[in-house]
Amino acid sequence: SSPCSSNPSTQSRISRRGTTGVAAGHSPECAALVYDVGFALMKEPGNALSLPTWFVHSSSVIEWIIAMQLVLKYARVTGKREFISLAYGMLPLHSSSLCACTYHFFYNAPQLDALVTLQALLTCGGNCGLLYGAYLIFRESKDKADAADDEADGDREGKPRGVETTRGLSEGLTLDDDWRFLIKAAALSLSTAFAVKYGSLYLSLPFHPDFKPALALIVFPTIVLGLDIARQEKKYFPSTGKT
């Protein structure tokens, strides 16, 4: 007989579900799996997000992280440290998106309504951070333009300014083509959405809302991403002070 057929847990689940699956020719393991999946889906509250909605949330978070990494890569390739500051400015907006995802992960529990306020504060802070980062980029670009105006156009060989920089940038920023990037991003977003929506049904955490674990789901990824920015800043701009 099947090893699973003598398993008390499996037999218990089958007895509660009935013997239809086994009678139809399915193995006890298959019947137990069907019951487990069905029971998990039955636990899902009525206000749970749909899979497409989770896909949108997941893709927003993933694409923002990709955008931050592209900003950091641009800073490294061009040597423009002010773009590191822009990456730091993007960090609160990442935390803001995690607030929304965490709130939905706990099925919009009233105990966690403070996350909505926190999300608004982080969005405001992130917008201010982007504004400051953009100002630093503008200030640095203006200073360099003013300095360049005091010199003759082009270098001594008559080459236009920016040719070498543009060539170095194109060589340093090796990116996927649009379709490959779209497929990879969509696959990652869909798998993440599927794992969060259906994987969470097998956890007790979403059904027992608590502010401490909810805050951990926001703070921990933010710290990890912030440390990565600091690591790259230290690695590629070791001798420059903070802007």
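## A loop residue to start with

At 25% relative accessibility, Asn108 counts as partly exposed. You can find Asn108 in the loop between α5 and α6. As you explore, keep in mind that this is a predicted model.

The backbone of Asn108 has a phi angle near 55 degrees, a positive value in a residue that is not glycine. Tyr107 also has a phi near 55 degrees, and again the value is positive in a residue other than glycine. Tyr107 sits in the loop between α5 (82–105) and α6 (114–149). Is Tyr107 buried or exposed? With a relative accessibility of 10%, Tyr107 counts as buried.

## The whole protein

Let's step back for a moment. The protein has nine helices and zero strands, so written from the N terminus on, its elements read α-α-α-α-α-α-α-α-α.

Of the 243 residues in the protein, 32% are buried. The protein exposes about 14900 Å², and carbon and sulfur atoms supply 64% of that area. Among contacts with a separation of 6 or more, 76% are between residues 24 or more positions apart.

## Around Phe207 and His104

Phe207 lies in the loop between α8 (178–199) and α9. Its relative accessibility of 27% makes Phe207 partly exposed. Which residues does Phe207 touch, not counting those up to four places away in sequence? They are Lys43, Pro45, Tyr107, Ser200 and Leu201. Tyr107, on that list, is the buried loop residue from the opening section. Phe207 and Ala109 are 98 residues apart in sequence, and their C-alpha atoms are 8.9 Å apart in space.

His104 belongs to helix α5. It counts as buried, at 19% relative accessibility. Leaving aside neighbours within four places in sequence, His104 is in contact with Leu49, Trp54 and His57.

## Helix α9

Phe211 is located in helix α9, which covers residues 211–236. How far apart should the ends of α9 be? At 1.5 Å a residue, the 26 residues of α9 should span 38 Å, and the C-alpha atoms at its ends are indeed 38 Å apart. At the start of the helix, a side-chain oxygen of Asp210 comes to within 2.9 Å of the backbone nitrogen of Lys212.

Some residues of α9 are covered and others face outward. Its buried residues are Ala214, Ile218, Thr222, Leu225, Gly226, Asp228, Ile229, Gln232 and Glu233. Phe211, in contrast, is partly exposed, with a relative accessible area of 34%. Together with Leu215, Val219, Ile223 and Leu227, Phe211 forms a nonpolar patch on the surface, with about 420 Å² of accessible area in total. Here is a helpful piece of background: an α-helix has 3.6 residues a turn, so residues three or four places apart point the same way.

## Charged pairs

Side chains of opposite charge can pair when their charged atoms come close. How many salt bridges are there in this model? The count comes to four. One of them joins the side chains of Lys197 and Glu44, with N and O 2.7 Å apart. This pair links distant parts of the chain, 153 residues apart: Lys197 is in helix α8, whereas Glu44 is in the loop between α3 (28–43) and α4 (51–78). Lys197 is buried, with a relative accessible area of 7%, while Glu44 is partly exposed at 22%.

Another salt bridge is formed by Glu233 and Arg81, whose closest N and O atoms are 2.0 Å apart. This pair also links distant parts of the chain, with Glu233 in helix α9 and Arg81 in the loop between α4 and α5, 152 residues apart. Both Glu233 and Arg81 are buried.

A further salt bridge brings together the side chains of Arg231 and Asp228, at 2.9 Å from N to O. Why are Arg231 and Asp228 separated by about one helical turn? The two are three residues apart in helix α9, and therefore about one turn lies between them. Arg231 is partly exposed, with a relative accessible area of 45%, whereas Asp228 is among the buried residues of α9.

Technical notes
Residues are numbered from 1 along each chain as its sequence is written. This is a predicted model: local features need pLDDT of at least 70, side-chain atom pairs count only at pLDDT 80 or more; totals for chains, interfaces and linings use all residues. Side-chain values use heavy atoms; hydrogens and water are left out. Patches are made of residues with over 30% relative accessible area and no salt bridge: like charges are joined within 9 Å, nonpolar side chains (Val, Leu, Ile, Met, Phe, Trp, Tyr) within 5 Å. Accessible areas come from the Shrake-Rupley method with a 1.4 Å probe; for residues, only the protein chains shown count as cover. Helices (H or I, at least four residues) and strands (E, at least two) are DSSP runs, numbered from the N terminus. Buried means under 20% relative accessible area, exposed over 50%, partly exposed in between (1.4 Å probe, protein chains only). The expected span of a helix is 1.5 Å times one less than its number of residues. A polar contact is a pair of N or O atoms within 3.5 Å; within protein, one must be able to donate a hydrogen and the other to accept it, and residues adjacent in sequence count only if both atoms are side-chain atoms. Contact means heavy atoms within 4.5 Å.
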